[in-house]
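Q: I am new to reading protein models and would like to take a close look at one part of this one. Could you walk me slowly through how two packed helices are described, and then point out some single residues elsewhere in the chain?

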Amino acid sequence: MLTISHYTKTYPGGKTAVEDLSLHIPAGELCGFIGHNGAGKTTTLRAVAGVMSFTQGTIAIDGHDVRTDPVAAKAVTAFLYEFMSGIDYLNLIADLYDIPARQREERVRLYADAFALTGDLGSAIASYSHGMKQKLAIISALIRKPKLLILDEPFVGLDPAAAHLLKGELR
């Protein structure tokens with residue numbers, strides 16, 4: 001599902017954030033990066049999501065190279081457009097992934113209710129707290145039933161009930 005081969009990221013000026021990382025994560029597996037601030041965790045996740053360039057190596061998601069086939073590789077990532085309302089964003093994601101109207105409504109209702117975000121979906125994402133943005137990003141990922149779920153510090157900003165719910169969904 002996710003294959004990283006000899007990934008290296010060196011920033012202008014010569015600072016190497018990650019050097020020669022290789023790993024393979026099969027479908028259905030959970031993997032987490034643990035390390036101190038500045039260890040390259042977020043840098044690696046951004047490269048996997050295709051939103052950050054890298055110096056060497058290859059990254060493939062479901063066989064799609066993030067450099068040479070970025071559209072197919074990015075089909076498993078999500079971006080948060082803050083100028084939209086929460087519901088408009090979820091509908092955009094559902095449109096992009098061809099989720100039929102009935103499934104869309106059921107999944108949005110299920111997850112928005114579960115994460116206590118239903119009442120705020122009509123508001124602009126820019127007005128959301130950090131925790132609310134986390135919840136929206138999680139909902140947008142879960143409604144798609146993705147093959148690969150990329151999460152960077154997914155529990156930061158979540159209230160205890162939402163963190164517990166997310167842990168259950170990940171299981």
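A: What follows begins with a pair of helices and then turns to three residues in strands.

Please keep in mind throughout that this is a predicted model. Two packed helices are described by the angle between their axes and by the distance between those axes. For helix α3, which covers residues 86-96, and helix α5, which covers residues 130-142, the axes come within 9 Å and cross at roughly 25°. Because angles under 35 degrees count as roughly parallel, α3 is described as roughly parallel to α5. The crossing in which α3 passes α5 is right-handed. On the side of α3, the residues that make this contact are Gly-86, Tyr-89, Leu-90 and Ile-93, while α5 contributes Leu-136, Ile-139 and Ser-140. Sorted by character, the residues of this contact comprise five nonpolar and two polar ones, with no charged residue.

Now to the strands, starting with His-6, which belongs to strand β1, made up of residues 2-10. Along the chain His-6 and Leu-21 are 15 residues apart, yet in space their C-alpha atoms are 5.0 Å apart. When residues up to four places away in sequence are not counted, His-6 touches Asp-20, Leu-21 and Ser-22, and also Gln-56 and Gly-57.

Thr-16 is found in strand β2, which spans residues 16-25. Its relative accessible area is 36%, and since values from 20% to 50% lie between buried and exposed, Thr-16 is described as partly exposed. Setting aside neighbours within four places in sequence, Thr-16 is in contact with Thr-8, Lys-9 and Thr-10. With Thr-10 there is also a polar contact of 3.2 Å, which joins the side chains of the two residues. His-64, by contrast, is 48 residues from Thr-16 along the chain, and the C-alpha atoms of the pair are separated by 25 Å.

The last residue to visit is Asp-65, which lies in strand β4, a strand of residues 64-65. A polar atom of the Asp-65 side chain lies 2.6 Å from the backbone nitrogen of Arg-67. Leaving out neighbours within four places in sequence, Asp-65 is in contact with Thr-58, Ile-59 and Ala-60, as well as with Pro-70 and Ala-73. Between Asp-65 and Pro-154 there are 25 Å from C-alpha to C-alpha, and the two residues are 89 residues apart in sequence.

Key: Residues are numbered from 1 along each chain as its sequence is written. This is a predicted model: local features need pLDDT of at least 70, side-chain atom pairs count only at pLDDT 80 or more; totals for chains, interfaces and linings use all residues. Side-chain values use heavy atoms; hydrogens and water are left out. Axes are lines fitted to C-alpha atoms, for helices over the stretch in contact, and angles run from 0 to 180 degrees between N-to-C directions. Helices (H or I, at least four residues) and strands (E, at least two) are DSSP runs, numbered from the N terminus. Angles under 35 degrees count as roughly parallel, over 145 as roughly antiparallel, 65 to 115 as roughly perpendicular and the rest as oblique. A crossing is left-handed if the near helix is turned anticlockwise from the far one by less than a right angle, and right-handed if clockwise. Contact means heavy atoms within 4.5 Å. Ala, Val, Leu, Ile, Met, Phe, Trp, Tyr, Cys and Pro count as nonpolar, Asp, Glu, Lys and Arg as charged, and the others, Gly among them, as polar. Buried means under 20% relative accessible area, exposed over 50%, partly exposed in between (1.4 Å probe, protein chains only). A polar contact is a pair of N or O atoms within 3.5 Å; within protein, one must be able to donate a hydrogen and the other to accept it, and residues adjacent in sequence count only if both atoms are side-chain atoms.
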